[in-house]
Structures are given as C-alpha cells and as structure tokens.
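Please look over the model shown here, and then follow a short exchange between a reader and the author about how its parts fit together.

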Amino acid sequence: MHRNDATKQFHSGDDRLAELIDESPPVELPTPDTDVPMVSRSVRLPLETYDRVRAAADARGIGVTTLMRQWIEAGLADLDDSATVSLADVRRALASLAHPTAA
C-alpha cells in the first residue's frame with residue numbers, strides 16, 4: 001500500500017488499514033545490551049571531531065556511542081576523585097617507570 005493511500009484510509013476511518021496492520025507479521029525487536037535504562041541524547045560535533053572519535057572507536061573495536069559513554073563516565077569519575085584510567089595509560093606509565101629517561 002502506498003503511503004498516501006494509507007494516510008487517506010487512516011483519516012477516513014477505513015477499517016481496511018486496521019486489517020492490514022493486524023495481518024502484518026510481528027517484528028522482533030533487538031535485545032538491549034544492558035539491563036540499565038538508557039537515555040538517548042543528540043550531540044552536535046564538528047565533522048573532524050566525529051571522524052576522530054569514530055577512528056578511535058574503530059581502533060578499539062567498539063561503537064562510537066560506547067566509546068563516548070566510556071569517556072563521559074571517565075570524566076564524571078574524575079570529578080568524583082574515583083577516576084577510571086585506560087589500560088593503555090597504565091601500560092605507558094608502567095613502561096616509563098621501567099625505563100626512566102635521563103634528566
């Protein structure tokens with residue numbers, strides 16, 4: 001059924017549209033990846049910034065929103081003095097302790 005036809009049937013009160021909906025196969029929704037309720041927010045980023053975030057997420061093998069959520073959570077933890085540190089930062093810090101540079 002064409003969109004305009006469906007709109008006309010809806011506004012005219014035609015029962016055929018309800019029958020069409022009833023005959024449609026059920027749609028399976030994706031299973032959420034978390035039990036924690038989530039809120040979706042829109043963030044406007046310059047294209048260059050988004051490209052950098054996307055590249056960083058790809059390098060980690062995770063999605064852009066997952067990486068952004070991790071960064072936000074780390075920033076909030078830092079505000080609470082319960083900072084989250086990335087494994088890469090820990091490795092760099094340990095490597096610098098093992099091989100100190102001459103002062």
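**Salt bridges, core and surface**

At 54% relative accessibility, R92 counts as exposed, because exposed means over 50% relative accessible area, buried under 20% and partly exposed in between, with a 1.4 Å probe and protein chains only. This is a predicted model, in which local features need pLDDT of at least 70 and side-chain atom pairs count only at pLDDT 80 or more, while totals for chains, interfaces and linings use all residues. Residues are numbered from 1 along each chain as its sequence is written, and side-chain values use heavy atoms, with hydrogens and water left out.

Reader: With which residue does R92 form a salt bridge?
Author: A salt bridge is a side-chain nitrogen of Lys or Arg within 4 Å of a carboxyl oxygen of Asp or Glu, and for R92 the closest N and O atoms are 2.3 Å apart. Both partners lie in helix α5, 3 residues apart, about one turn of the helix; helices are DSSP runs of H or I with at least four residues, numbered from the N terminus. The partner of R92 is D89.

Reader: How many salt bridges does a search of the whole structure find?
Author: Besides the bridge between R92 and D89, R54 forms one with D51, where the closest N and O atoms are 3.0 Å apart. R54 and D51 both lie in helix α3, 3 residues apart, and R54 counts as partly exposed at 38% relative accessibility. The search of the whole structure finds 2.

Reader: Which helix gives the most to the largest nonpolar core?
Author: A nonpolar core is a set of buried Ala, Val, Leu, Ile, Met, Phe, Trp, Tyr and Cys residues joined through side-chain atoms within 4.5 Å, and the largest one has 5 residues, namely V53, A56, A57, V64 and L67. Helices α3 (47-60) and α4 (64-79) each supply at least two residues of this core. With 3 residues, the helix that gives the most is α3.

Reader: Is L87 buried or exposed?
Author: L87 is placed in helix α5, which covers residues 87-98. Together with V85, V90, L94 and L97, L87 makes a nonpolar surface patch of about 500 Å². Its relative accessibility is 53%, so L87 counts as exposed.

Reader: What percentage of the 103 residues in the protein do buried residues make up?
Author: The protein has 5 helices and 0 strands, and read along the sequence it follows the pattern α-α-α-α-α. Of its 103 residues, the buried ones make up 9%.

Conventions. Patch = residues over 30% accessible without salt bridge, like charges linked within 9 Å, V, L, I, M, F, W, Y side chains within 5 Å. Areas by Shrake-Rupley, 256 points an atom, 1.4 Å probe, with all protein chains shown as cover.
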